[in-house]
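Colleague: Could you take me through this model slowly, one question at a time?

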Amino acid sequence: MQATLRTLMLMLFATAIAILIGWTYGYVSERILRRGRSLWRWVPVLSISLPLFIHAAAWEATLGKFGWLALSGVAARGSFFAGLVASAWIHGVTGAAWVALIVGLFLRRGPLPGEEAAQLETGAVRAALQVTLPGTFLMTLSGGLWVALIAATEISVVDLYGFRTLADEVYFQYALSPNPAPILLATMLPVGICTGIAMVSALGRRRIKRTIGGTPARVRASLSAGGGAGQVAAHASLTLLATLMILLPLASLAIKAGWTVTAIDGELQAGWSAAQATESIVQATWMFRTEYYWTAMLAATVIVMTLPLATLLAWLGRYRLRSVAIGCLFLMFIPGPVISVGILWLFANTGIGWLGDLYDRTLIPAGLAVLHRSVPLSCMILMGSFYASDRRVDEAARVDGAGWWQRLRSIELPRIVGPLAICSFVSAVLALGEISATELVLPPGVSTVARRVFGLLHSGVRYQESGLCLISSTIVITTMIVFRAVYSAMARR
């Protein structure tokens, strides 16, 4: 019961923080801003691309017991940033990117009925509260439910601060001696969230269609933005929110990597050194080379296992959309520790020799543990691509006698080469950041970047940990930018 109450409290506070920051960011970037929207739209995407353990390490490097603000005397030394406060803040700020992305995509489609008239009559603030906020209620609620789901199923943050949620209790107490009651309870709570999302989707489909006025178009800036002063205020507010979502965490990792404390005349002087930062990054590159190798191997394993399953499910979703969607949501909402307990029992406790060999000598169990997130997300991406394609060619091939495998191989697969590349990137990022499901099923002697950081964070973020997280962040962001540039160049051709 105590773990259940703690889980509900974490979900409530994290969702409130995410909605407050994320909705404001989405509204200002899509309604108030006149220029530079494409640049600000990248901020939520970049924040989402970074694994949760990097966000946790970054905020621990900022406000934790060895954070640079605490060491410099600006903030108290880890006295308040602990337990529920730290866990809810990290989940909330990280989840704000999801809310901003969902609300921003919805507002990008066109003006809401009565929104422009309200802006002229009452001003931007009152129009936002009286018209835009109620009009985006369902999308905001969906984003909030997604944040609550992540808070209820992840352990990388709560285990760091000793805040025992249901998922963390399963990992901490019942991994090696499973107990059906807590495992069932830890699963049923996210399933309840899944039911809530399904009800929002079912009840809100018509309302969302009624809410959008006209056809999707480029939305004009608010008429009450007031010229230069309003635009300066909009850019300032977006800078503040973007700082919370991604800029401050990344800057904190760089600061902590180069943080130095020296004794001058018997007094300790704290400061930042570029030489120390460079040395920390070089040391992390060499010291954790094995972790980089195993992370790359796990990412490759997950990609190979995810793409065939996701492609087949997405293609079947063209004909059984509701069944596939419900199955994907249910699979995604199972807590990672519950998945790892099931895989551990299957490979290690059934007594089948070849399964035990796979568990001890391969990354297949760890790859299977990541599939509960990579397959549903990839399936949703591919289903959108299948639905966007012209079905008349597929129907004509069926009339001519082509089987399902011929139609899938010759007609559908060539159309989704780009989305498959996106799914590969998403699967690799999930493999990089997954801790909840892979911590218990990695073979002996194998340590990924996420596993190593997860173990080191409990003693605070120091030079090597900051360098390791900074290198991982740079790899993810650089890969995404290069992939985006190449994908855009291919699309123009």
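Modeller: Helices (H or I, at least four residues) and strands (E, at least two) are DSSP runs, numbered from the N terminus. This is a predicted model, in which local features need pLDDT of at least 70, side-chain atom pairs count only at pLDDT 80 or more, and totals for chains, interfaces and linings use all residues. Residues are numbered from 1 along each chain as its sequence is written, and side-chain values use heavy atoms, with hydrogens and water left out.

Colleague: How many helices and strands does the protein have?

Modeller: Counting the runs defined above, the protein has 2 strands and 23 helices.

Colleague: How many aromatic pairs are found in the whole structure?

Modeller: Rings of Phe, Tyr and Trp (its six-membered ring) pair if their centres lie within 6.5 Å, and planes under 30 degrees apart count as stacked, over 60 as edge-to-face and the rest as tilted. By that rule, the number of aromatic pairs found in the whole structure is 5.

Colleague: Trp59 and Trp89 form one such pair; how many residues apart in sequence are the parts that this pair ties together?

Modeller: The pair is edge-to-face, with 5.7 Å centre to centre and 85 degrees between the planes. Because Trp59 lies in helix α4 (residues 52-63) and Trp89 in helix α6 (residues 83-107), the parts tied together are separated in sequence by 30 residues.

Colleague: Is Trp59 buried or exposed?

Modeller: Buried means under 20% relative accessible area, exposed over 50%, and partly exposed in between (1.4 Å probe, protein chains only). Trp59 has a relative accessible area of 3%, so Trp59 is buried.
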